[in-house]
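Biologist: I would like a close look at a single part of this chain. Please keep it brisk.

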Amino acid sequence: MRLYINIDHVATVRQARRTDEPDPVRAAVLAELGGADGITIHLREDRRHINDRDVRLLAETVRTGINFELAAADPVVDIAVELAPMQATLVPEKREEVTTEGGLNLASASVRDGVAAALRRLEAAGTRTSLFIDPDPDALEHSAGLGAHAVELHTGEYANAGRDAERAAELARLATAAELGHGLGLAIHAGHGLTYENVVPVAALPHIEELNIGHSVVSRAVLVGLERAVREMKAIVLGAPDRVPSPGAWVPPKGF
């Protein structure tokens, strides 16, 4: 199980005052010292938090590996192709949303065409590709058909479920999607809304090999410091009940 820490939320605090602190580049260093297996950043088209300066400095300084989240839009794809991060995850974007509200709408032919074009460019640059999708069979089928290496299952419905029965149903949905995606040859990642309190059942699901977590860790870091907050989340994730291993699970190259 790999734990990637999303540091967008550090940049959000900085942008609230439009100053130079806290610096997400320094936050990435502390996250790695705390045991993060990688750093996730989302360069939005409107640059509401992470900006071009951040991306370029992080590309030079991150020692583990970067998961570069982006829309399938040429201006940001151009930057990803230039920097060739270890991994890129294509996500949907809406200007009015506070945070990403759901997975890519791969039922739309126009969305699939845009995603396919971005995937071709990213793969040509040597970047591993992933698609952020809802845990639905059709989305998984489309992802496999488009040739993505991995999918990140949107865990927001699970995280936001109010009742135990609802949460159990959403967890079962994630488990079914992970099983189907694995059978289609996709690596399975998960993220969105995961916290110290709700992450263990997801971390224990078979075939999920990577979690992306940001807001909860950064929120705790305000109280205890980022390095400790990451170490605590890593311990919880690795302490999840024994899982069925995924043969052939992707391992980052040596040196990342």
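Which residues does L211 touch, not counting residues up to four places away in sequence?

Modeller: A caution before the details: this is a predicted model. L211 touches M1, R2, L3 and Y4. L211 also touches A190, L194, V199, V202 and A203. V237 completes that list, which leaves out residues up to four places away in sequence.

Now place L211 in its surroundings. L211 belongs to the largest nonpolar core, a set of 67 residues. Within this core, L211 is among the residues with the most contacts, along with I7, L90, L131, L153 and V217. Helix α11, residues 226-238, gives the most to the core, with five residues. In soluble globular proteins, nonpolar side chains tend to be buried together.

Next, the whole chain. Its secondary structure comes to eleven helices and eight strands. The radius of gyration is 17 Å, and the globule rule gives 18 Å for 256 residues, so the chain is as compact as a globular protein of that length. Along the principal axes, the C-alpha trace spans about 45 × 40 × 40 Å. Of the 256 residues, 49% count as buried.

Contacts across the sequence come next. Take those between residues at least 6 apart in sequence: 68% of them join residues at least 24 apart.

Last, the surface and the charges. The chain exposes about 11,600 Å², and carbon and sulfur atoms supply 52% of that area. There are 26 positive and 37 negative charges, and their mean positions are 4 Å apart.

Methods: Residues are numbered from 1 along each chain as its sequence is written. This is a predicted model: local features need pLDDT of at least 70, side-chain atom pairs count only at pLDDT 80 or more; totals for chains, interfaces and linings use all residues. Side-chain values use heavy atoms; hydrogens and water are left out. Helices (H or I, at least four residues) and strands (E, at least two) are DSSP runs, numbered from the N terminus. The radius of gyration is taken over C-alpha atoms; the globule rule is 2.2 Å times the number of residues to the power 0.38. Buried means under 20% relative accessible area, exposed over 50%, partly exposed in between (1.4 Å probe, protein chains only). Contact means heavy atoms within 4.5 Å. Accessible areas come from the Shrake-Rupley method with a 1.4 Å probe; for residues, only the protein chains shown count as cover. Lys and Arg count as positive and Asp and Glu as negative; His and the chain ends are not counted. The place of a charge is taken as NZ of Lys, CZ of Arg, CG of Asp or CD of Glu. A nonpolar core is a set of buried Ala, Val, Leu, Ile, Met, Phe, Trp, Tyr and Cys residues joined through side-chain atoms within 4.5 Å.
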